[in-house]
Amino acid sequence: MKKWLKFAATGLLSSSIIITSISPVCAQSGSILEKITDLETTEDFAEDTSYSLLRGNNLNYGSAKISKLASNKINVYGYTQCHHKCDEVYLDLFLERKVNGSYGTYKSWEFTDTNVSNLTASIDVIVPSGYYYRIRGYHAAKDGSKESTTTLTDGILVK
């Protein structure tokens, strides 16, 4: 009898270890469950910074960040940094939402300023919960010639 109890206890323990270790992280997207991929993170924020590929004279870098504030609210942040004051500085932010396995633009904003060395935007957005969201950024500086770079954050789950 002791041998049988020991065998049963060992089987239950190993079954529970296997079951808990293979449960995937999913988000409900409409009525479809979506698995986390390399494009998403389990954190409540994601950010990306990209330096000008040309190592030019105008644009230094661009940065984009997305942060979860509540179960239906996020913050979208973007920053374009120049080496000096430029004639025009650009910051375009695209909030993308994952639906049925693909990201598409959900909302977008375009900012431009003149005779500045940087441009910043921070926007709080109410969004439907149960989806992954990410930020795509376009950062540019024009002072004679125009230099640009792009950023793309990982997706974060808003639930």
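A contact here means heavy atoms within 4.5 Å. Keep that in mind as you look at the whole protein: among contacts between residues at least 6 apart in sequence, 62% join residues at least 24 apart.

**Stop one: the whole chain**

What you have open is a predicted model. Color the chain by pLDDT to begin. The protein averages 85, with 77% of its residues at 70 or more. Now select residues 4–25, where the pLDDT is below 50; beyond near neighbours in sequence, this stretch has 4 contacts in the model.

Switch to a cartoon view. You'll find 1 helix and 9 strands, and going along the sequence the pattern reads α-β-β-β-β-β-β-β-β-β. If you turn on the surface, about 9400 Å² is accessible, and 53% of that belongs to carbon and sulfur atoms. Of the 159 residues, 37% are buried.

**Stop two: strand S5 and its partners**

Select residues 73–99, which make up strand S5. Then add residues 59–70, strand S4: the two strands pair in the antiparallel sense over 10 bridges. Ser-67 stands opposite Asn-75 in S5, and the hairpin that S4 and S5 form has 2 residues between them.

Next, add strand S6, residues 102–126. How many bridges join S5 and S6? There are 22, again in an antiparallel pairing. For a landmark, pick Tyr-90, which has Thr-112 of S6 opposite it. This hairpin also has 2 residues between its strands, and Asn-100 takes a positive phi near 55° there.

One more partner to add is strand S7, residues 131–143, which runs antiparallel to S5 with 10 bridges. Click Phe-94 and look across to Arg-136 in S7. Hold on to Arg-136, because it counts as partly exposed at 32% relative accessibility and it returns at the last stop.

**Stop three: Gln-81**

Staying in S5, zoom in on Gln-81. Is Gln-81 buried or exposed? Its relative accessibility is 14%, so it counts as buried. Show its side chain and you'll see a polar contact with the side chain of Tyr-79, at 2.4 Å. The Gln-81 side chain also reaches the backbone oxygen of Ser-117, at 3.4 Å. Leaving aside residues up to four places away in sequence, Gln-81 touches Leu-59, Asn-60, Tyr-61, Ser-117 and Asn-118.

**Stop four: the salt bridges**

Side chains of opposite charge can pair when their charged atoms come close. The count here comes to 3 salt bridges.

Start with Glu-40 and Lys-98, whose side chains meet at 3.4 Å, N to O. Glu-40 sits in the loop between strands S2 (32–35) and S3 (45–51), while Lys-98 is in S5, so this pair ties together parts that are 58 residues apart in sequence. Both residues are buried.

Then select Glu-96 and Arg-134, where the closest N and O atoms are 2.6 Å apart. This pair links S5 to S7 across 38 residues of sequence, and both Glu-96 and Arg-134 are buried.

Finally, bring back Arg-136: its side chain meets that of Glu-96 at 2.8 Å, N to O. Here, too, the link is between S7 and S5, with the residues 40 apart. Glu-96 has 5% relative accessibility, so it counts as buried. Which residues do the shared salt bridges join into one network? Select Glu-96, Arg-134 and Arg-136 together to see it.

Conventions:
Residues numbered from 1 in each chain as written. Predicted model: local features only at pLDDT ≥ 70, side-chain atom pairs only at ≥ 80, totals over all residues. Heavy atoms only, no water. Pairing = 2+ DSSP bridges. Helix = DSSP H or I, 4+ residues; strand = E, 2+ residues; numbered from the N terminus. Buried < 20%, exposed > 50% of the residue type's maximum accessible area, 1.4 Å probe, protein only. Polar contact = N/O pair within 3.5 Å; in protein donor to acceptor, adjacent residues only side chain to side chain. pLDDT = per-residue confidence, 0-100. Areas by Shrake-Rupley, 256 points an atom, 1.4 Å probe, with all protein chains shown as cover. Salt bridge = Lys/Arg side-chain N within 4 Å of Asp/Glu carboxyl O.
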